[in-house]
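Welcome! Here is a short briefing to help you find your way around. Have the sequence and the 3D view at hand as you read.

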Amino acid sequence: MLDVRFSDVRLPSGPGVGYKPQHFNDILKNAFPVQWLEIHAENYMGDGGRPLAQLRHLSERFAISVHGVGLSIGGEGRLDPEHLARLKHLVGWLNPASFSEHLAWSTHDSHFYNDLLPLPYTDATLTRVADHIDAVQDAIGRRMLLENPSSYLAFEESTWSETDFLHELTRRTGCGLLLDVNNVFVSAINLGYSPQGYIDDYPLDMVGEIHLGGHDEDTDDHGAPLLIDSHGCEIVDPVWALLDYTLEKSGPKPLLVEWDTDVPDWQTLAAECTRAQAALAKVPA
Amino acid sequence: MTTQSDFEGALLDANKPVPAGLSDGSGRPAGRRYWVYRNNVAVSLGDALGTGFPAISKLVGPQNFKNLAAIFLRQHPPKSPLMMHYGAEFPAFLEGFEPLKHLGYLGDVARIELAMRQSYHAADATAADPTQLQRLGEAELMTCRMTLAPAVHILRSAWPAASIWAFNMVPGSPKPQAKPEDTLITRPEFDPMPHVLPHGAADFLIALAKGATFEDALKVAQSNAADFDLGATLNLALGHGAISDILS
């Protein structure tokens, strides 16, 4: 008998978009070229009302990716059992095509900072994050994807490269990866390494989804470029080029356009998705 | 080693130094790179408050609201990753904020905004059929109990809080009159709406919400408001889906 806990829908290797309620009517009228939608888990953990009604409606037509932003998988403390229970409930009733979260922390001593805060890549962090991923995958009864962060600074105590760290996490927990190529670009520029070199070292066969988004430009104390992951503007050409570089090595993947602040009209988002679709079209299946 | 306690220490306090052990990736101190996180936290929490309390922002002005939010979020960082619940302490904070003492109504207007947000995310419920009441005989009516929909909130204020909210948020609303107001928030489908309640109606509905019989709720209302208008109260509540069940 089929296990009803698991979706038999997978994210299609086509363009998807981070869902914003103001686009509900546009999406139902004509979503082209968007093939799937991603939601932030925490926005759908209320008890009812319009958010859940819209989500039920959309999930009848589109594969849905649930993307958590509040689990604090990198937190030093234990995972919040109440939040884990809420996540289990959401994933349980929605039965999404994918669940993903971040290699980051956001809660400490019961304070939630609503930002993705960075982690030192050490053996101790590795053990802790692996334990937390195990706990999440046990709770939701399925494999999760873990996303690489945007970094603005480095920890002197780190002993692992980010790519090795992620690879080791997949080996220990069986989780997959969400590769954010904008985050790769932002981190590489900020910390002075090659974004292509990062992709060369990255375990691409573990990737279940790719994120694309816009960033802002600033400078640090020494006038060096400091890119800030803002999801508030168009994706820049070097990030599209990095996507091409990645897809050539990885083959087609589900591509998500993220635009979370200063959200534009649907046509602007759809245009970014058309560009993502064109990037996929260049890649042999 | 830079622990998360070290890292969070300066997140909400710009006067604290950047934590040790953080660099730019080539050995120089992180410096203002750390500020990106501090800025992200302040902006995201400030934006969440602005989204949640648009009438307060209008009443004090957007720049004053930003300054208020900056103080509030340092005193009350979220305790839950559900940002839909952020700001529960904001009404009391406004009331206790000395420079705003002359705007005594702010707290209650903020309570209306908070209740509307809670109502927006509350569980769905099917409204009770108003004709069900008409079918009850007098004895049955007096002993029946009513369940309020989960999206319903009742707020009592010494200020015309609902009228102040409407005056700022709904174009064409009349100028508020200086008098106490009780507010009923309903959500017939998906959009919460505040209504000013007639005298005694809050007593009646609160009693029902606590499980009182129709008769007991009526007594409470009539003893608190000689001019209690039962018909108007029932029309308002039933007409906007505030009552989900009539149990006779």
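Which residues in α6(A) are buried? They are A:V181, A:N182, A:N183, A:V184, A:F185, A:V186, A:S187, A:A188, A:N190 and A:L191. Please keep in mind that this is a predicted model. The points below begin with that helix, move on through chain A, and then turn to chain B.

**Helix α6 of chain A**

- Helix α6 of chain A covers residues 181-191, and 10 of its 11 residues are buried, so the rest of the structure largely encloses this helix.
- At the N-terminal end of α6(A), A:D180 acts as a cap, with a side-chain oxygen 2.9 Å from the backbone nitrogen of A:N182.
- At the other end, α6(A) is followed by A:G192, which has a positive phi near 75 degrees.
- A:N182 itself belongs to this helix, and its relative accessibility is 0%, so A:N182 counts as buried.
- What does A:N182 contact once its neighbours within four places in sequence are left aside? Its partners are A:H211, A:G213, A:G214, A:H215, A:D229 and A:V239.

**A hairpin in chain A**

- Strand β11 of chain A (residues 215-219) pairs with β12(A) in the antiparallel sense, and five bridges link the two.
- Together β11(A) and β12(A) make a hairpin with five residues between the strands.
- In the turn of this hairpin you will find A:G223, with a positive phi of about 80 degrees.
- If you would like one pair to look up, A:T219 has A:P225 in β12(A) as its bridge partner.
- Strand β12 of chain A (residues 225-229) is mostly covered, as four of its five residues are buried.

**Backbone details worth a look in chain A**

- As background, most residues other than glycine have a negative phi, and most peptide bonds are trans.
- A:F32 and A:P33 are joined by a cis peptide bond, with omega at about 5 degrees.
- A:P33 sits in the loop between α1 (24-29) and β2 (36-40) of chain A.
- A:N114 is not a glycine, yet its phi is positive, near 55 degrees.
- A:N114 is placed in strand β6 of chain A, residues 111-117, and is partly exposed with a relative accessible area of 24%.
- A:D262 also has a positive phi in a residue other than glycine, here near 45 degrees.
- Where is A:D262 placed? This residue is in the loop between β13 (255-258) and α9 (266-281) of chain A, and at 66% relative accessibility A:D262 counts as exposed.

**A three-stranded sheet in chain B**

- Chain B has an open sheet of three strands in the order β3-β4-β5, paired in the antiparallel sense.
- Strands β3 (153-157) and β5 (193-196) of chain B stand at the edges with a single partner strand each, so one side of each has no neighbour in the sheet.
- On average, neighbouring strands of this sheet are turned by 25 degrees against each other, direction ignored.
- Strand β4 of chain B (residues 181-186) and β5(B) pair over four bridges in the antiparallel sense, and B:I185 stands opposite B:P194 in β5(B).

**Two helices on that sheet**

- α6(B) packs on the sheet and touches β3, β4 and β5 of chain B, with its direction at about 180 degrees to that of β3(B).
- α9(B) lies across β3, β4 and β5 of chain B, and runs at about 60 degrees to β4(B).
- The two helices, α6 (residues 106-121) and α9 (residues 161-169) of chain B, also pack with each other at an angle of about 75 degrees, their axes 8 Å apart; that makes α6(B) roughly perpendicular to α9(B).
- On the α6(B) side, B:D108, B:V109, B:I112, B:E113 and B:M116 meet B:A161, B:A162, B:I164 and B:W165 of α9(B).
- Sorted by class, this contact of α6(B) with α9(B) has seven nonpolar residues, no polar ones and two charged ones.

**B:G200, after the sheet**

- B:G200 is found in the loop between β5 and α10 (201-209) of chain B, and is buried with a relative accessible area of 5%.
- Not counting residues up to four places away in sequence, B:G200 touches B:A221, B:A225 and B:F228.

Note on methods. Residues are numbered from 1 along each chain as its sequence is written. Chains are lettered from A and ligands numbered from 1 in the order in which they are written. This is a predicted model: local features need pLDDT of at least 70, side-chain atom pairs count only at pLDDT 80 or more; totals for chains, interfaces and linings use all residues. Side-chain values use heavy atoms; hydrogens and water are left out. Buried means under 20% relative accessible area, exposed over 50%, partly exposed in between (1.4 Å probe, protein chains only). A polar contact is a pair of N or O atoms within 3.5 Å; within protein, one must be able to donate a hydrogen and the other to accept it, and residues adjacent in sequence count only if both atoms are side-chain atoms. Axes are lines fitted to C-alpha atoms, for helices over the stretch in contact, and angles run from 0 to 180 degrees between N-to-C directions. Angles under 35 degrees count as roughly parallel, over 145 as roughly antiparallel, 65 to 115 as roughly perpendicular and the rest as oblique. Contact means heavy atoms within 4.5 Å. Ala, Val, Leu, Ile, Met, Phe, Trp, Tyr, Cys and Pro count as nonpolar, Asp, Glu, Lys and Arg as charged, and the others, Gly among them, as polar. Two strands pair if DSSP finds at least two bridges between them.
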